[in-house]
Amino acid sequence: MARNIVWHPFTQHATDPQPLPITRGKGAWLETEDNRRVLDAISSWWVVTHGHRHPAIVAAIHDQIDKLDQVIFAGFTHEPAERLAEMLIDIAPPGLAHVFYSDSGSTAVEVALKMALGYWRNIGQPRTRIAALEHGYHGDTIGTMSAGARGVFNAAYEPLLFDVVRIPFPHPGREQETLDALNAAGRDGTLAAFIVEPLILGAGGMLIYGAGTLAEMKRICERHGVLFIADEVMTGWGRTGTPFACEQARITPDILCLAKGLTGGSLPLAATLATSRIFEAHFSKDRTRTFFHSSSFTANPVCCAAARANLGIWASEPVHDRIARLAELQKGALASLASDARFENPRQIGTIAAIDLKVPDGGYLASIGPALRTHFLTRGVLLRPLGNTIYVMPPYCTTAGDLALVYEAISSAPDALAE
Ligand SMILES: *Cc1c(COP(=O)(O)O)cnc(C)c1O
């Protein structure tokens, strides 16, 4: 029995295969220690946008590390963080005015929740309840797990999780139930904030809903004074076809959470953007109104330099065209699977495509994930299905030929599993 010193995430070391050693990455491809190539069809857990080791990002990292590696961010500041904040405000939905840095999607969401509660306390109207969408995922820390869907992944920690008002997912044709539930929850004046993944719920199973519903949810929150938190940790940076998913609903959230693709997926960095209303509520001669949050590496200069380079790529390269092209390729490839009776529920938004493998029973479901992952790897493709949901979320440099490999691996999966 292998005993790993390194304890890997979401890994059952007793049954999962040994982790695959990777030595290099370039564009959409990874290289293993034994010189095999693996196509990174999930962007290394949704973070890599332009491809591994984009030259502009690599150069920015080299350049910054030679000047300043790290500095305390309370009482001190630096150009990479200041300039990045301006660039983020420029590209984000209009009305967001302040940028708070942290270092992961989970911390970006924790910061958002704390900002929301701080807002209400500081304006003397303490509201503390949070509403969230059914099947939502916001991270793996105690607060973000509380906001996210409950299940086997967090059963052990349930006693520590706080209660949230759960709003039903807006299934196609049943959107009104969602809106009614949100309206009812907002009406009693105790909701501090509603947190939502705009347009697509990622870890909850790549569940897509419409921009009209998103816009309506925002309107309901406004009506009841409930702060609207958009968790764009996954949807940000072009995944849904636009830089941010909120744009498609023409809404500006009160608080916006960004991470994953913020540095193009090269280094860990997160940002929580807030409107001036949230900032002003914390702006006071009364020191008890300070926003009490920090982490050691808040706004690390090298990470900020990488993020600036990412925004530079958005400004100077045809990223929008690449996204549109990839979305078209995904659409075509998915259509070829849609007529395959072994699959169901093909769905797509922007560069993300998903389809469900029909499975006979739940017991099979429990073991299907590792078997699928192994099958895909033998085909040289990194895919990591969510239960029986197979999704493809590649970097924007993925070619038609690359994508063909991915979909061949998917269409051959049912037969390979049956063997
Ligand atoms: C991945 C994800 C998070 C958590 O981000 P980490 O960087 O893994 O902490 C939060 N929200 C959403 C929507 C995500 O997809």
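This report covers the domain layout of a predicted model, then two residues in it, Gly 148 and Thr 32.

## Domain layout

The domain assignment of the protein chain gives two entries: domain 1 spans 57-316, and domain 2 spans 318-418. Their centres, taken over C-alpha atoms, lie 28 Å apart.

## The interface between the domains

Contact between the domains involves 17 residues of domain 1 and 17 residues of domain 2. Together the two domains bury about 1400 Å². Carbon and sulfur atoms account for 70% of that area. On the domain 1 side, three residues stand out: Met 206, Arg 239 and Trp 314. They supply 45% of the area that domain 1 buries against domain 2. No other three residues supply more.

Salt bridges between domain 1 and domain 2 number zero. Polar contacts are present, with six residue pairs found across the interface, both partners at pLDDT 80 or more. Helix 9, residues 301-316, gives the most to the side of domain 1 that touches domain 2. Its share is three residues. By class, that side of domain 1 holds ten nonpolar residues, six polar and one charged.

## Gly 148

Gly 148 sits in a loop. The loop runs between helix 5 (142-147) and strand 6 (165-167). Relative accessibility at Gly 148 is 3%, so the residue counts as buried, the cut-off being under 20%.

Beyond residues up to four places away in sequence, Gly 148 touches Gly 136, His 138 and Arg 166. One of these partners, His 138, is ten residues from Gly 148 in sequence. Their C-alpha atoms are 5.6 Å apart in space.

## Thr 32

Thr 32 belongs to strand 2, which covers residues 29-32. Its relative accessibility is 1%, and therefore Thr 32 counts as buried.

Leaving aside neighbours within four places in sequence, Thr 32 is in contact with five residues: Leu 20, Pro 21, Ile 22, Thr 23 and Val 38. A polar contact links the side chain of Thr 32 to the side chain of Asp 34, at 2.5 Å. Gly 261 lies 229 residues from Thr 32 along the chain. The C-alpha atoms of Thr 32 and Gly 261 are separated by 23 Å.

Note on methods
Residues numbered from 1 in each chain as written. Heavy atoms only, no water. Helix = DSSP H or I, 4+ residues; strand = E, 2+ residues; numbered from the N terminus. Buried < 20%, exposed > 50% of the residue type's maximum accessible area, 1.4 Å probe, protein only. Contact = heavy atoms within 4.5 Å. Polar contact = N/O pair within 3.5 Å; in protein donor to acceptor, adjacent residues only side chain to side chain. Domains from an automatic or database assignment. Buried area = accessible area lost by both parts, 1.4 Å probe. Salt bridge = Lys/Arg side-chain N within 4 Å of Asp/Glu carboxyl O. Nonpolar A, V, L, I, M, F, W, Y, C, P; charged D, E, K, R; others polar.
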